[in-house]
Amino acid sequence: MKHRLPGQVTRILLFSLLALQLGACSSTRLSYQFADRGVVWWVEDYVDLTGTQEDALLQDLRQMREWHCQTQLPRYSDWLAELRRETARGELPPEHIRYHRQQLAAFLEPLSARAVPVASRLLKSLTDEQVRELVASMEEQQAEYRREYLDEDTPQEAVERVVERTERWLGDLNDRQVAIIRQWLADREGATEAWLDGRGNWQAAFSSLLEQRRQADFEDRLRDMIIHYQRYQGEAYQARAGRNADDIVQLTHKLLVAADDRHWRHLQEETSDLRQDMVALACPAEPATAAR
């Protein structure tokens with residue numbers, strides 16, 4: 001069985017560089033430095049690539065990482081400095097939480113412009129046999145997610161997952177915070193099923209698009225599928241999308257209101273450490289060409 005991966009194969013290319021540095025990995029610098037090779041490994045969990053395809057993908061990803069460390073990491077560093085200044089006050093109102101979530105979303109826009117052509121070139125190079133393997137892998141993963149998060153999941157396991165993710169930033173939670181998470185999940189009944197249904201709808205549309213990968217407008221249509229992915233997830237999921245975003249903002253605010261001083265200190269330390277990584281990883285911009 002292929003390894004379970006977070007997200008669709010094309011969106012891995014889009015989010016990987018950002019996710020590796022802002023996620024829960026214990027070694028941000030190491031993860032970023034080997035991001036290109038890591039993406040290839042992840043893609044090959046979906047579909048076996050030829051040597052030529054792998055080399056082409058690696059070359060594209062290395063160029064993308066060079067651009068990313070020159071132009072994007074300084075933006076992340078500035079944002080983290082702003083976040084650290086705000087959290088130093090020991091409070092973060094909902095409107096500020098919403099603003100910082102919007103900042104993260106904005107970071108993905110330039111990544112989209114760079115990543116979509118990379119994904120397009122890779123997908124166009126796939127043979128019919130590789131496409132069938134890719135589609136089968138996605139269907140297998142979807143079935144595994146449904147078993148794990150619907151058929152076999154328990155309310156306690158769901159609570160433990162959210163607690164674990166939260167403790168990455170706040171440290172060990174207190175009883176009040178755990179109770180907030182438990183109630184938040186109870187109030188979101190049906191959210192997991194809606195997510196899985198939406199994910200399945202996107203995969204069906206993507207599988208259909210792969211059959212037309214030789215057409216001239218393939219890259220444009222792929223870009224729309226990646227950037228405006230909610231359009232392809234069905235009306236039920238779209239109806240929940242705005243509510244889901246508000247729910248996360250409210251959960252974050254409640255957890256911070258219930259936080260002890262140690263939680264704020266932990267958040268400050270994590271933010272500071274991550275910013276130091278961004279500064280260390282940023283590579284110098286290419287010198288401007290002298291005017292002739």
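A salt bridge is a side-chain nitrogen of Lys or Arg within 4 Å of a carboxyl oxygen of Asp or Glu. Keep that cut-off at hand for the exercises below, and remember that the structure above is a predicted model.

**Exercise 1. A link across the chain**

Task: Find out what Arg98 forms with Asp246, and where the two residues lie.

Solution:
- Step 1. The closest N and O atoms of Arg98 and Asp246 are 3.9 Å apart. The cut-off is 4 Å, so the pair is a salt bridge.
- Step 2. Next, place the partners: Arg98 sits in helix H6 (residues 94-125) and Asp246 in helix H12 (residues 235-257). With their positions 148 residues apart, the pair links distant parts of the chain.
- Step 3. Now look at accessibility. Arg98 has a relative accessible area of 31% and is partly exposed. Asp246, at 38%, is partly exposed too.

**Exercise 2. Two more salt bridges**

Task: The structure holds 15 salt bridges. Work out where the partners lie in Arg37–Glu54 and in Arg223–Asp220.

Solution:
- Step 1. Start with the general idea: side chains of opposite charge can pair when their charged atoms come close.
- Step 2. The side chains of Arg37 and Glu54 meet at 2.8 Å, N to O. Arg37 belongs to helix H3 (residues 35-44) and Glu54 to helix H4 (residues 51-71), so this salt bridge ties together parts 17 residues apart in sequence. Arg37 is partly exposed, at 24%.
- Step 3. For Arg223 and Asp220, the closest N and O atoms are 3.1 Å apart. Both residues are in helix H11 (residues 218-227), three residues apart, which means about one helical turn separates them.
- Step 4. Arg223 counts as partly exposed at 26%. Asp220 has 51%; exposed means over 50%, so Asp220 is exposed.

As an extra, try finding the network of salt bridges that links Asp36, Arg62 and Arg65.

**Exercise 3. Tyr145 and its ring partners**

Task: A search of the whole structure finds six aromatic pairs. Describe the pairs that Tyr145 forms with Tyr149 and with Trp195.

Solution:
- Step 1. The ring centres of Tyr145 and Tyr149 are 5.6 Å apart, with 55° between the planes, and the pair is tilted. Both residues lie in helix H7 (residues 128-151), four residues apart, or about one turn of the helix.
- Step 2. Turn to Trp195. Its ring centre is 5.6 Å from that of Tyr145 and the planes meet at 35°, so this pair is tilted. Trp195 is in helix H10 (residues 191-210) while Tyr145 is in helix H7, so the pair ties together parts 50 residues apart in sequence.
- Step 3. Is Tyr145 buried or exposed? Its relative accessibility is 4%, and it counts as buried. Trp195, at 29%, is partly exposed.

Two further ring features to find: a cluster in which ring pairs link Tyr76, Trp79 and Phe107, and Arg168 over the face of Trp169, 4.3 Å from the ring centre.

**Exercise 4. The nonpolar cores**

Task: Which residues of the largest nonpolar core touch the most other members, and which helices each supply at least two residues?

Solution:
- Step 1. Nonpolar side chains tend to be buried together in soluble globular proteins.
- Step 2. The largest core has 34 residues, and Leu73, Ile181, Leu256 and Met278 touch the most other members.
- Step 3. H4, H5 (73-87), H6, H8 (155-170), H9 (175-187), H12 and H13 (261-281) each supply at least two residues of this core.
- Step 4. A second, separate core has 27 residues, including Leu58, Val116, Leu122 and Val131.

Definitions and conventions
Residues are numbered from 1 along each chain as its sequence is written. This is a predicted model: local features need pLDDT of at least 70, side-chain atom pairs count only at pLDDT 80 or more; totals for chains, interfaces and linings use all residues. Side-chain values use heavy atoms; hydrogens and water are left out. Rings of Phe, Tyr and Trp (its six-membered ring) pair if their centres lie within 6.5 Å; planes under 30 degrees apart count as stacked, over 60 as edge-to-face and the rest as tilted. Buried means under 20% relative accessible area, exposed over 50%, partly exposed in between (1.4 Å probe, protein chains only). A charge sits over a ring if NZ of Lys or CZ of Arg is within 6 Å of the ring centre and within 35 degrees of the ring normal. A nonpolar core is a set of buried Ala, Val, Leu, Ile, Met, Phe, Trp, Tyr and Cys residues joined through side-chain atoms within 4.5 Å.
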